[in-house]
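Here are my comments on the structure, as numbered points. Please read them with the coordinates open.

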Amino acid sequence: MVRTGTGTRHTARMSVLLACWLLGNPTAWGDVPSPDVLRQVQSKVVKIYGAGGIRGLEPYQTGLLISAEGHILTVWSTVLDTVEITVVLDDGSRHSATLQDTDVSLEMALLKIDASDVPYFDLVEVAEVETGTWVLAFSNLFGVAAGDEPVSVQHGCVSARIDLDARRGVFSTPYRGPVYVVDAIVNNPGAAGGALTDYQGRLVGLLGKELRDARTSLWLNYAIPLTTLQPTLQAMLEGSARPDNPFDQLRPAEPWDLPQTGILLVPDVLDKTPPFVDAVAPESPGRTAGLLPDDLIVYVGEELVTSCQAVRESLAMLDARQPLRMTVMRGDELRQYEIPPQAENRTRE
Amino acid sequence: MKQAELLSRESISHLEIDRMQFSPNRRKPFEIVLSASAMHGLLPLLAACLASLANPLYGQNLTPLEQEAIRAAVQEADASVVRLEPVGITTAREGVGLSLAPSTALVVSAEGHLISTTFGIPEDAGQVVAIFADGTRTIAAEVARDHSRRLVLWKTESESPLPVLPVANPSEVHVGEWAIAVGRTYSASHPSISVGIVSALNRVWGMALQTDAKVSPVNYGGPLLDIEGRVLGILAPLMPEGTDDLDAVRRYDAGVGFAVPMWQVRELLSRLQKGEDLHAGVLGIALVGRNPFGPVVIGACQAGSPAALAGLRQGDRIVAAEGQPIRFRSDFLYQLRPKYAGEELRLTVEREGEQIEIVATLVEELPPYERPYLGILPDLAANVESGVPVRYVFPGSPAQAAGIEPGSVILQADGQDITSVESLLAYVRSQWVGAKVTFRVERSDAESMEVEITLQGLPQELSLQPPPLLPEPVEGEAAEVATGRINPSLPEHPQTCLGYVPEAYDPRLPLGVMLWLAEGTSEQEREALLAAWQPVCDEFQTMLLVPSPEDGQDWSLEDAEYLQKLIEQTTQRYEIDSRRVVAVGSRKTAALAFRWAAASGGAVGGVVLLEAPLPATLVIPPASPESDLSLLLVASPASNTARPLIQTKQRLREKKHPVAVLTTRGTPLDPEEADREAVLRWIDALSRI
């Protein structure tokens, strides 16, 4: 094929139009979502002003209208820690808001303004997205939008869907659950409570507060999936009993522990004693599986462990009704052993 | 075909069209959605539209096509992107914790070789575990390291052949095409991705591609893929002028990321697989000036360096390197920086109107620079038409052995006319210890002779030999600048300074400067200091400056800028002999005095430490032609043999800094008069050649 500069480009543009015409869809856009979609989403995103303004805490954040009557979903933060919460809608109208409900473990808050017939995100139409999907973020980051200015729109892709719980100690947040990590810098001051949507404008996630990775000092850009918040949110709206917090139940009813395996670790004398196996009881599940004294335990399940304490903690998170995978270093070799379930015969719900 | 396997089943229909019509260049259908500038033609678009017609999934727009392609590329790469977990390191640097943070590596051979970056993998990393997409864990053993491009080659034992991804064709890679950064640090089971475009080619002196996909510790070591899943490069913590991995990390959200081109990595593999560690090649020259668009002229050529051994000389203008014309400094860096130690660099230089071809073999590290020494003090005050008159000849020096006497005038070195102290100094510095130089010398008996002198290294205890002669004050008009007590101030700095200028100051005889970093001293104490040192300052034509820090109490690195400006201002007002400028530090200010002096770029010639060993954590830079510091350690008899002081002396001498020790009978902070004189005599001797 021959490149002929602008002529070709012109032809290419023409062909897009041709394609649109062929498809009989006048609103089809080449590689960006249509302005209509953006405007519709913006009209459902609000600016929230409350407490703060000292010690670098911004007195504003973002929120999402989720009912025609003016229910607003946002992130629980110090901004809401005041009796006077002001909400500014996309049309510039100002409303006084009341804090209706909060959920600390989900870091979520529900506000209500006196309104009727406002545009809102229909919670029935929330979307789940895969890694690599283009997404849009809508928020009042850095407070740049004032009055009736629409909130800012950012574009990025979903980098990963990760579990904050699986990264214990890495992020200091009460929220323990899945998040979408985004490759645009979306979690800025004021952005918390904003919307992450797909190209069709369907709500995907709620932008979280700023969060830093303790190991790398990098800021995490993320949103909490709406599907995670939905059951609690629905209960809040209906005033019904809230579902149990799914993250409270991460600890299994019958966890693994060292006595079950027959493994005895070296005395835990240091702050971070390396988890060397001191002894393995004869005939014990650990011995049968193949573990030996002087093995250095490196992984319990999927978790990297570097101290005796970490071994105990990791075991407590694993269900004794499931096989236990242990990876040890023996000399220069990495060896993996599986210890069969121990609690199997006792209880089964 | 690969692409068909690569994409999911739904998308096969349009791929079929793609293949029928547009093979072999099959990137086109995806490119059209990039931007107008990347659109190439009508046919691929029509193909996409037809595909959309054929498959209602794509009825809305073209976005799903690129989404699908991105997902497919990542899916294909998944099995080749490996997570590395160092098992049991606990190092942390400058607040950025590196402890146990996982990183990413890419499979580069079916036999189990992986490439990662050096980020978070110190050389003493200990055991590192590689975790594959399917959950397999195995030990990764380090094979070799490329310190220049910051890569590490690993070997893992694998029962089955590992999947190696195809490499992009360098001639097809262009700015604006999709670039997908893949890492495996968030989770062992799923890769993380960031999508951007190729922002530039040939960055970091030709060693990197630039992308606006987010490149950070999250994906260092992972691949940068094109839209068809071919590897463009290895994401790496590179920066054009960065010296440290962390320089790059600080920019992780700035829209600038780099990847070492995969075709370069592939060429390196055979060397790395042999266990050969690679280092950036060093030539050993300094260029004249800092103008990036000025001519590329050699300002200094370190003795014993590849440049010197190959015959490069001060004043040579580099006009070509590796056959490429060199106009600017950056042209030259593009040729030099990608080279490794042990490789050759072909240069064409212009010398006295002639073009000379030179081939230098680069090295990993230059031999420590040792300043060559003739053994004279020039007479700074003497008034001669040309040449350098000799004020003093050090006993046992090469100059003395050759019969040079006080009053002799050095006229030529190796046939070059010596017109000033600077020109003699520059010539001697361009030589090396052991070099033979023929000097033409005019003796006081008016007899001109040629002598061949073998230069020696600087003696350590230089100053404490029999006292050199003091310069005779020059008779003449009184200076027009302030002498006696002065209070220099800098308008933009709050720091204050007390000072003393010898009453007999004459601009024709340059002054030495003692810049005393007193700690927490009151006004009275500073006055007492000035009063005590005033007589010896008069005697040895040296100015004393006693500044106080910004907060009045403790010195900090922020004060270094003030010190630099203070010296600059002093040099503008008075004639100063920069080699006789010394910083004086005591316990709390020793580190600052040394760091500032070492970084002053030749504005400071010495450091006096008053019973103050240097902190063990302080990095001591090696002596270099641009900056060589002499040190005087003033100690009490008790501390003279103390371990920290001896260690400081050894560490400085290892880096070829001359160190003298003065044991004082008074206290080091307030030495007796004879010892004050000895300090000034040492400063006087810093103008030695």
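The points below cover confidence, the fold of chain A, salt bridges, cysteines and one helix of chain B.

1. Status and confidence. This is a predicted model. Chain A has an average pLDDT of 84. In that chain, 84% of the residues score at least 70. Two stretches of chain A need care. Residues 1-30 have a pLDDT below 50. Beyond near neighbours in sequence, that stretch still makes 38 contacts in the model. Residues 345-349 of chain A also have a pLDDT below 50. Here the contacts beyond near neighbours in sequence number five. Where pLDDT is low, predicted coordinates should not be read in detail. Please treat the contacts of both stretches accordingly.

2. Chain A overall. Its secondary structure consists of six helices and 20 strands. The chain has 349 residues, and 51% of them are buried. Take the contacts in chain A with a separation of 6 or more: 60% of these join residues 24 or more positions apart. The exposed area of chain A is about 16200 Å². Carbon and sulfur atoms supply 52% of that area.

3. Salt bridges, total. How many salt bridges does a search of the whole structure find? The count is 33 over all chains. Three pairs and one network are picked out below.

4. A:Asp198 and A:Arg202. These two form a salt bridge, with the closest N and O atoms 2.8 Å apart. Are the partners buried or exposed? A:Asp198 has 3% relative accessibility, so this residue counts as buried. A:Arg202 has a relative accessible area of 37% and is partly exposed.

5. A:Asp295 and A:Arg330. Their side chains meet in a salt bridge, at 2.7 Å from N to O. This pair links distant parts of the chain, 35 residues apart. A:Asp295 sits in the loop between helix H5 (285-289) and strand E17 (296-300) of chain A. A:Arg330 belongs to strand E19 (residues 324-330) of chain A. The acid is buried: A:Asp295 has a relative accessible area of 1%. The base is partly exposed: A:Arg330 has 21%. The cut-off for buried is under 20%, so A:Arg330 at 21% does not count as buried.

6. B:Glu142 and B:Arg145. The closest N and O atoms of this salt bridge are 2.8 Å apart. Here B:Glu142 is partly exposed, at 35% relative accessibility. B:Arg145 is buried, with a relative accessible area of 3%. Elsewhere, salt bridges with shared partners join B:Glu172, B:Asp226, B:Glu228 and B:Arg230 into one network.

7. Cysteines. How many disulfides does the structure hold over all chains? The answer is zero. Two cysteines can be checked for burial. A:Cys157 is buried, at 0% relative accessibility. B:Cys301 is buried as well, with a relative accessible area of 9%.

8. Helix H17 of chain B. This helix covers residues 673-684, twelve residues. At 1.5 Å a residue, the helix should span 16 Å. The end C-alpha atoms are 16 Å apart, so the model agrees with the expected span. H17(B) is mostly covered, with nine of its twelve residues buried. Charged residues appear among the buried ones, including B:Asp675, B:Arg676, B:Arg681 and B:Asp684. B:Ala678, B:Val679, B:Leu680, B:Trp682 and B:Ile683 are buried too.

Definitions and conventions. Residues are numbered from 1 along each chain as its sequence is written. Chains are lettered from A and ligands numbered from 1 in the order in which they are written. This is a predicted model: local features need pLDDT of at least 70, side-chain atom pairs count only at pLDDT 80 or more; totals for chains, interfaces and linings use all residues. Side-chain values use heavy atoms; hydrogens and water are left out. A salt bridge is a side-chain nitrogen of Lys or Arg within 4 Å of a carboxyl oxygen of Asp or Glu. Buried means under 20% relative accessible area, exposed over 50%, partly exposed in between (1.4 Å probe, protein chains only). Helices (H or I, at least four residues) and strands (E, at least two) are DSSP runs, numbered from the N terminus. pLDDT is the predictor's confidence in each residue, from 0 to 100. Contact means heavy atoms within 4.5 Å. A disulfide is a pair of cysteine sulfur atoms within 2.5 Å. The expected span of a helix is 1.5 Å times one less than its number of residues. Accessible areas come from the Shrake-Rupley method with a 1.4 Å probe; for residues, only the protein chains shown count as cover.
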